[in-house]
Amino acid sequence: MSTIVLRADVVLDDPLGRALELLEAYPTLEACDFSRSSSFDRGDLRLANRGGARISAAEAAAILERRSEIEGRLREIEPEASLAGTATSIPWIPLRRLFDAFADIRGVGFSKMTKALHPKRPALIPMLDSVVQAYLAIEDPEAESSGSFGERAGALVHSYKRDLDRNHDGLREIQRDLLSRGHALTEVRILDLLIWSESRSEPWSRAGRSGARRR
């Protein structure tokens, strides 16, 4: 099994075991129903809340007021679009427009937005919660400091892609092994699980313990 290299020079020696452990503890958001890939409704927000988004009733109502715009932006992006592809194959501009459809909704930031959107484009959109944002800030402290809401979210996704590229072979190997065990996850979701697995040991400002070693 290949190792996975995270930021802060942390190397995970048993990434498959870590992913399986979290999947057993939190068996959510493993797959996507592509038949609903261009729709967006209250059911998507309920799914996001089951994943920890904590979208309030008022926030959900405000998001759904923009349903037509969100669905229009989703249709600009192929359901199979992947952040693990080449940089030129990624629909960066449509992705930024999709993110901007959530701009200026009180109480809705990158975390709630991406938890709602990840199941719609699971190979493309990472869940940018506070743990992942803190992780990305290790190398990109200014990634979300300027630009529109969509541009700032897009900068974080750009940063996330660097980790996907650095661990391409290892993530694909884990993906195959997970699939053989009945877990259909994208590389984006697998990396998210691994970032979370190390955050449980200690904050990202320090190198990890619990099965991790410095590179």
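Is phenylalanine 102 buried or exposed? I started my notebook with that one, keeping in mind that this is a predicted model. Phenylalanine 102 turns out to be buried, because its relative accessible area is 0%, and the cut-off for buried is under 20%.

**Entry 1: the aromatic pairs**

I searched for aromatic pairs next and found that the structure holds 2 of them. Phenylalanine 102 belongs to one, with phenylalanine 40 as its partner. I noted 6.1 Å centre to centre and 85 degrees between the planes, so this pair is edge-to-face, given that angles over 60 degrees count that way. I then checked where the two rings sit along the chain: phenylalanine 40 is in the loop between α1 (15–25) and α2, and phenylalanine 102 is in the loop between α5 (92–100) and α6. They are 62 residues apart, and the pair links distant parts of the chain. Phenylalanine 40 also counts as buried, because its relative accessibility is 0%.

The other pair I wrote down is phenylalanine 110 with phenylalanine 149. Their centres are 4.9 Å apart and the planes make 45 degrees, which makes the pair tilted. Here I was looking at two helices: phenylalanine 110 is in α6 and phenylalanine 149 is in α8 (residues 149–166). The two are 39 residues apart, and again the pair links distant parts of the chain. I looked up burial here too. Phenylalanine 110 counts as buried at 6% relative accessibility, and phenylalanine 149 is buried with a relative accessible area of 11%.

**Entry 2: helix α3**

I moved on to α3, residues 57–64, and listed its buried residues: Glu59, Ala60, Ile63 and Leu64. Why do they share a side of α3? They do because they cover an arc of only 130 degrees around the axis. I kept a general reminder in the margin: an α-helix has 3.6 residues a turn, so residues three or four places apart point the same way. On the face turned away from the buried side of α3, I found Ala57 and Ala58 exposed. The buried residues of α3 pack against three helices: α2 (42–50), α4 (67–75) and α6 (110–117).

**Entry 3: helix α4**

Which residues of α4 are buried? I got Ile70, Glu71 and Leu74. Seen down the axis of α4, they fall within an arc of 95 degrees, so they line one face of the helix. Ser68 and Arg75 are exposed on the other side of α4. As for partners, I noted that the buried residues of α4 pack against α3 and α5.

Technical notes:
Residues numbered from 1 in each chain as written. Predicted model: local features only at pLDDT ≥ 70, side-chain atom pairs only at ≥ 80, totals over all residues. Heavy atoms only, no water. Buried < 20%, exposed > 50% of the residue type's maximum accessible area, 1.4 Å probe, protein only. Helix = DSSP H or I, 4+ residues; strand = E, 2+ residues; numbered from the N terminus. Arc of directions from axis to C-beta. Contact = heavy atoms within 4.5 Å. Phe/Tyr/Trp six-rings, centres within 6.5 Å; stacked < 30°, edge-to-face > 60°.
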